[in-house]
Amino acid sequence: MRWCVRTTLTLDDDVAVALERLRRRRREPLKQVVNAVLRAGLSALDARATAPRKPFRTQPMSLGPPRLKNLDNISDVLAFAEGEDFR
């Protein structure tokens, strides 16, 4: 089964220039170049999406002892955070 879809694409200037350069180098019709580039791009995106990813790991780090032993008293926490003389 072969699909033939006609569509209009609006290409950015840099993409149009790159396609035209590739078309001239390969001496092929624009349709063939666009299809080849789209196939390669879709394959690369699909391969990247299905490739197993390495788990992200973070290194633990000591932050030192807490400056406030109790966070239940909000006025003490705010006084400390705002730089007021803390008891």
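Modeller: Before we start, a helix here is a DSSP run of H or I with at least four residues, numbered from the N terminus. Bear in mind too that this is a predicted model.

Biologist: Fine by me. Which helix does Lys-31 lie in?

Modeller: Residues 30–50 make up one helical run, and Lys-31 falls inside that range. The element holding Lys-31 is therefore helix 2.

Biologist: And is Lys-31 buried or exposed?

Modeller: Its relative accessible area is 57%. The cut-off for exposed is over 50%, so Lys-31 counts as exposed.

Biologist: Which residues join Lys-31 in a positive surface patch?

Modeller: Patch members need over 30% relative accessible area, and Lys-31 has 57%. Its partners in the positive patch are Arg-2, Arg-6 and Arg-39.

Biologist: Let's turn to helix 1. How far apart are its end C-alpha atoms, and what span should the helix have?

Modeller: Helix 1 covers residues 13–26, which makes 14 residues. At 1.5 Å a residue, with the span counted over one less than the number of residues, you'd expect 20 Å. The model agrees, with the end C-alpha atoms also set apart by 20 Å.

Biologist: Which residues of helix 1 are linked in a network of salt bridges?

Modeller: Arg-23 pairs with Glu-20, with their closest N and O atoms 2.7 Å apart. Arg-24 meets Glu-20 as well, at 3.1 Å from N to O. Put together, the network is Glu-20, Arg-23 and Arg-24.

Biologist: About how many helical turns separate Arg-24 and Glu-20?

Modeller: Both sit in helix 1, four residues apart. That spacing means the separation of Arg-24 and Glu-20 is about one helical turn.

Biologist: Arg-24 buried or exposed, then?

Modeller: Arg-24 has 59% relative accessibility. With the exposed class starting over 50%, Arg-24 is exposed.

Biologist: And what class does Glu-20 fall into?

Modeller: Glu-20 has 25% relative accessibility. Since buried means under 20% and exposed over 50%, Glu-20 is partly exposed.

Biologist: Which residue forms a salt bridge with Glu-28?

Modeller: The closest N and O atoms of this pair are 3.5 Å apart, and the limit for a salt bridge is 4 Å. Glu-28 is partly exposed at 22%, and its partner is partly exposed at 39%. That partner is Arg-26.

Biologist: How many salt bridges does the count come to?

Modeller: We've met Arg-23 with Glu-20, Arg-24 with Glu-20 and Glu-28 with Arg-26. The count comes to three.

Biologist: What is the phi of the residue just after helix 1?

Modeller: That residue is Arg-27, in the loop between helix 1 and helix 2, and it is exposed at 77%. Most residues other than glycine have a negative phi. Arg-27 is not a glycine, yet its phi is positive, at about 55 degrees.

Biologist: Last one: how much accessible area do Leu-9, Leu-11 and Val-15 have together?

Modeller: These three form a nonpolar surface patch. Leu-11, one of them, lies in the segment before helix 1 and is partly exposed at 39%, so it passes the patch cut-off of over 30%. Together the three have about 260 Å².

How values were computed
Residues are numbered from 1 along each chain as its sequence is written. This is a predicted model: local features need pLDDT of at least 70, side-chain atom pairs count only at pLDDT 80 or more; totals for chains, interfaces and linings use all residues. Side-chain values use heavy atoms; hydrogens and water are left out. Helices (H or I, at least four residues) and strands (E, at least two) are DSSP runs, numbered from the N terminus. Patches are made of residues with over 30% relative accessible area and no salt bridge: like charges are joined within 9 Å, nonpolar side chains (Val, Leu, Ile, Met, Phe, Trp, Tyr) within 5 Å. Accessible areas come from the Shrake-Rupley method with a 1.4 Å probe; for residues, only the protein chains shown count as cover. A salt bridge is a side-chain nitrogen of Lys or Arg within 4 Å of a carboxyl oxygen of Asp or Glu. Lys and Arg count as positive and Asp and Glu as negative; His and the chain ends are not counted. The place of a charge is taken as NZ of Lys, CZ of Arg, CG of Asp or CD of Glu. Buried means under 20% relative accessible area, exposed over 50%, partly exposed in between (1.4 Å probe, protein chains only).
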